[in-house]
Amino acid sequence: MLLYLALLGITMLFVTLVAMYVASRAQSAVPRGMHPFPRYFSLSTVVLLVSSYTLAQAPRLYRADDLPALVRCLGATLLLGCIFSGLQVQGWRELVQQGVLFTGERSGTFVYVISGLHVAHVGAGLIFLLVHLLRTLHASRDSVRTLVFIRNPYHLRQLRALLTYWHFIDVLWVALFGMFLFLY
């Protein structure tokens with residue numbers, strides 16, 4: 001229940017920021033399309049979608065009692081999430097090179113704030129993912145620990161919560177990316 005309340009709060013935060021961004025774009029003297037949209041944002045979107053696919057394999061691996069494969073799946077998702085964050089930083093550098101600064105035009109500031117807050121939420125997901133990865137790795141090293149880990153409903157709930165959060169953050173980015181494509 002707490003996870004869903006947090007997701008609701010995150011949604012309200014981003015809806016408010018998007019509304020403020022749309023209002024600032026409407027009032028802005030800078031014409032749409034003046035600066036090209038950062039290509040790293042597009043690439044990072046693909047990376048995040050691939051990470052969502054890799055993490056979607058986790059429940060199947062958990063049900064199959066295949067902890068070594070689950071560890072690889074979680075590790076790949078962790079790596080892709082880190083690559084996404086790095087690509088976002090490259091996108092910000094691209095914005096700076098185009099003259100879109102954090103302290104410049106209000107609508108440019110919102111691009112930094114919205115994408116930065118999204119990266120912060122991805123970072124929170126990466127921490128949760130890392131904790132689950134380390135627990136799974138620890139359990140995979142011994143057959144008794146594997147059996148206890150797989151049969152414990154707490155670990156399955158944690159994995160489901162992780163999937164829910166990660167997919168939510170992915171869908172949120174796709175929506176933000178689409179909004180940026182049309183309004184940037």
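This briefing describes the fold, the core, the salt bridges and selected residues of one protein chain. The model is predicted. The chain contains seven helices and zero strands, and its pattern along the sequence reads α-α-α-α-α-α-α. Of its 184 residues, 44% are buried.

**Overall form**

- The C-alpha trace spans about 65 × 30 × 20 Å along its principal axes.
- The chain has an accessible surface of about 9600 Å², and carbon and sulfur atoms account for 71% of that surface.
- Among contacts with a separation of 6 or more, 83% join residues that are 24 or more positions apart.
- Alanine 69 and glycine 116 are separated by 47 residues in sequence, and their C-alpha atoms lie 32 Å apart in space.
- Alanine 69 belongs to helix H4 and counts as buried because its relative accessibility is 9%.

**Helix H1 and the surface patch**

- Helix H1 covers residues 2–27, and leucine 5 is placed within it.
- The 26 residues of H1 reach 38 Å from the first C-alpha to the last, close to the 38 Å expected at 1.5 Å a residue.
- The buried residues of H1 are Leu7, Ile10, Phe14, Leu17, Val18, Tyr21, Ser24 and Arg25.
- These buried residues of H1 pack against H5 and H7.
- On the surface, a nonpolar patch is formed by Met1, Leu2, Leu5, Leu8 and Met12. Together these residues have about 620 Å² of accessible area.

**The largest nonpolar core**

- The largest nonpolar core comprises 51 residues. The residues with the most contacts inside this core are Tyr21, Leu55, Leu74, Ile114, Trp173, Leu176 and Phe180.
- Two or more residues of this core come from each of H1, helix H2 (39–56), helix H3 (58–63), helix H4 (67–97), helix H5 (106–140), helix H6 (143–151) and helix H7 (153–183).
- H7 provides the largest share of this core, with twelve residues.
- Tyr21 appears both among the buried residues of H1 and among the core residues with the most contacts.

**Surroundings of tryptophan 173 and glutamine 88**

- Neighbours within four places in sequence aside, tryptophan 173 is in contact with Phe41, Ser44, Thr45, Leu48, Phe84, Gln88, Ser115, His118 and Phe180.
- Glutamine 88 lies in helix H4 and counts as buried because its relative accessibility is 0%.
- Not counting residues up to four places away in sequence, glutamine 88 touches Phe41, Ser44, Ser115, Val119 and Trp173.
- Phe41, Ser44 and Ser115 therefore appear among the contacts of tryptophan 173 and also among those of glutamine 88.**Salt bridges**

- Side chains of opposite charge can pair when their charged atoms come close. The chain has three salt bridges.
- One of them joins the side chains of arginine 39 and glutamate 94, at 3.8 Å from N to O. This pair links distant parts of the chain, with arginine 39 in helix H2 and glutamate 94 in helix H4, 55 residues apart.
- Arginine 39 is exposed, with a relative accessible area of 55%, whereas glutamate 94 counts as buried at 10% relative accessibility.
- Another salt bridge brings together the side chains of aspartate 65 and arginine 151, at 3.2 Å from N to O. Aspartate 65 lies in the loop between H3 and H4 and arginine 151 in helix H6, so this pair ties together parts that are 86 residues apart in sequence.
- Arginine 151 counts as exposed, with 53% relative accessibility.
- Aspartate 142 also forms a salt bridge, with arginine 145, and the closest N and O atoms of this pair are 3.7 Å apart.
- Aspartate 142 counts as partly exposed at 29% relative accessibility, and arginine 145 is partly exposed with a relative accessible area of 31%.

**Backbone at aspartate 65**

- Aspartate 65 has a positive phi of about 60°, although it is not a glycine.
- The position of aspartate 65 is in the loop between H3 and H4.
- Aspartate 65 counts as partly exposed because its relative accessibility is 34%.

Terms used:
Residues numbered from 1 in each chain as written. Predicted model: local features only at pLDDT ≥ 70, side-chain atom pairs only at ≥ 80, totals over all residues. Heavy atoms only, no water. Patch = residues over 30% accessible without salt bridge, like charges linked within 9 Å, V, L, I, M, F, W, Y side chains within 5 Å. Areas by Shrake-Rupley, 256 points an atom, 1.4 Å probe, with all protein chains shown as cover. Salt bridge = Lys/Arg side-chain N within 4 Å of Asp/Glu carboxyl O. Helix = DSSP H or I, 4+ residues; strand = E, 2+ residues; numbered from the N terminus. Core = buried A, V, L, I, M, F, W, Y, C linked by side-chain atoms within 4.5 Å. Buried < 20%, exposed > 50% of the residue type's maximum accessible area, 1.4 Å probe, protein only. Contact = heavy atoms within 4.5 Å. Expected span 1.5 Å × (residues − 1).
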